[in-house]
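This report concerns helix packing and aromatic pairing in one protein model. The sequence and structure are shown first.

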Amino acid sequence: MTAGIDYLVFHAVALLPVVAALALLARYRLGARRDVLAGTLVLSGLALVYTTPWDSYLITRGVWWYGDGAVLVRFGAVPLGEYLFFVLQPLLVALWTARFPVETARPLSVPLPERTLGLAAAGVVAAAGLALLGADSGLYLGSLLVWSAPILGIQWAFGWPFLVAEWRTVLAGTLVPTLYLWVVDRAAIEVGLWTLSERYTTGVAVPLLGLPIEEAVFFLLTSLFVVQGLVLYVWLVDRVRAAGHRGLNPLSTLSGGR
C-alpha cells in the first residue's frame, strides 16, 4: 500500500528540485527574461485548462488509476497532484528551453499554402488517433493524438517554417526533458503510484525502458507543445515589438503571402 502523500512526494522528489535548480541557473538565451517568463505563465495556464477535461475523462473511463492512499485530494476526478503536474511540467520544460537561442529576425508572414500544410500535418495526427479509437486498446493513445492535434495545428499553421529553421533549439528543448520525464514516470509506475489499464492500452513499450508507449508519446507531445509554444511566443513578441518601433501596424506582419 502506498503512503497517502505519495503523489505529492513524487513532485517534491522528482520535479520541484529540478524546476528550482533550473530557475536558479536559468540562462535566458531564448529571449528576454520577461518574455520567457510571460510565455511560460501563459503556457502553464493553457496546459491546465486544456488538459483537465481530457485527463478527467480518461480517469473516469478507468484508463489509469492511482495506488491505494496515494491521492489525498481530488477536484472532480482529477487529483491535486495531477493539476500540479500540468503546471510543473511546462515550468521545467520552459526553463530548460530558455537556455537555447533563437533567431527571431524572420518575418511573421507565412504563405497560405505553408499554413495549410501545417494544418494538414496536424490532420494526419488526428486521423491516426481516430483510427486507433476504433478499438478499446487504442483509447489512451488514440484520444491522446486527437487531443493533441488542435494544439499542433495552431502551432504548425502559425509558424512551422520558423520551427524548422530553429530545429536545434526545438530538438534540444524537447528531448532532454522528455527523456527525464520518461524515467521518472517509469519509476512512478514501478512503485504503483499509478497503473495503466491493459484493456485501454496497446501493450507496446519503449525498448529498454519498458515505459508504455502511451506515456512516452504523452510526455513527448506535451514537452513539444511547450517548446514550440515558447519559441513561437518569443518570435511573435520580438517581431511585434520591432514593428512597433518602426511605426508599423504589428497585425500587418501576420498576414500570409501568396
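The account below treats one helix contact and then two aromatic pairs.

The coordinates come from a predicted model.

**Packing of H2 with H5**

Two packed helices are described by the angle between their axes and the distance between the axes. Helix H2, residues 33-61, packs with helix H5, residues 139-165, at an angle of about 170°, and the axes are 11 Å apart. Because angles over 145 degrees count as roughly antiparallel, H2 is roughly antiparallel to H5. On the H2 side, the contact is formed by Tyr-50, Thr-51, Trp-54, Tyr-57, Leu-58 and Arg-61. These residues meet Leu-139, Tyr-140, Ser-143, Leu-144, Trp-147, Pro-150 and Ile-151 in H5. By class, the residues of this contact comprise ten nonpolar, two polar and one charged.

**Aromatic pairs**

Across the whole structure, a search finds 20 aromatic pairs. Two stacked pairs are among them, as tabulated here.

| Pair | Centre to centre | Angle between planes | Arrangement |
|---|---|---|---|
| Phe-10 and Phe-85 | 5.9 Å | 25° | stacked |
| Trp-54 and Phe-218 | 5.9 Å | 15° | stacked |

Phe-10 belongs to helix H1 (residues 6-24) and Phe-85 to helix H3 (residues 80-97), so this pair ties together parts that are 75 residues apart in sequence. Phe-10 and Phe-85 are both buried.

The second pair involves Trp-54, a residue that also takes part in the contact of H2 with H5. Trp-54 lies in helix H2 and its partner Phe-218 in helix H7 (residues 213-245); the pair therefore ties together parts that are 164 residues apart in sequence. Trp-54 is buried, as is Phe-218.

Methods. Residues are numbered from 1 along each chain as its sequence is written. This is a predicted model: local features need pLDDT of at least 70, side-chain atom pairs count only at pLDDT 80 or more; totals for chains, interfaces and linings use all residues. Side-chain values use heavy atoms; hydrogens and water are left out. Axes are lines fitted to C-alpha atoms, for helices over the stretch in contact, and angles run from 0 to 180 degrees between N-to-C directions. Helices (H or I, at least four residues) and strands (E, at least two) are DSSP runs, numbered from the N terminus. Angles under 35 degrees count as roughly parallel, over 145 as roughly antiparallel, 65 to 115 as roughly perpendicular and the rest as oblique. Contact means heavy atoms within 4.5 Å. Ala, Val, Leu, Ile, Met, Phe, Trp, Tyr, Cys and Pro count as nonpolar, Asp, Glu, Lys and Arg as charged, and the others, Gly among them, as polar. Rings of Phe, Tyr and Trp (its six-membered ring) pair if their centres lie within 6.5 Å; planes under 30 degrees apart count as stacked, over 60 as edge-to-face and the rest as tilted. Buried means under 20% relative accessible area, exposed over 50%, partly exposed in between (1.4 Å probe, protein chains only).
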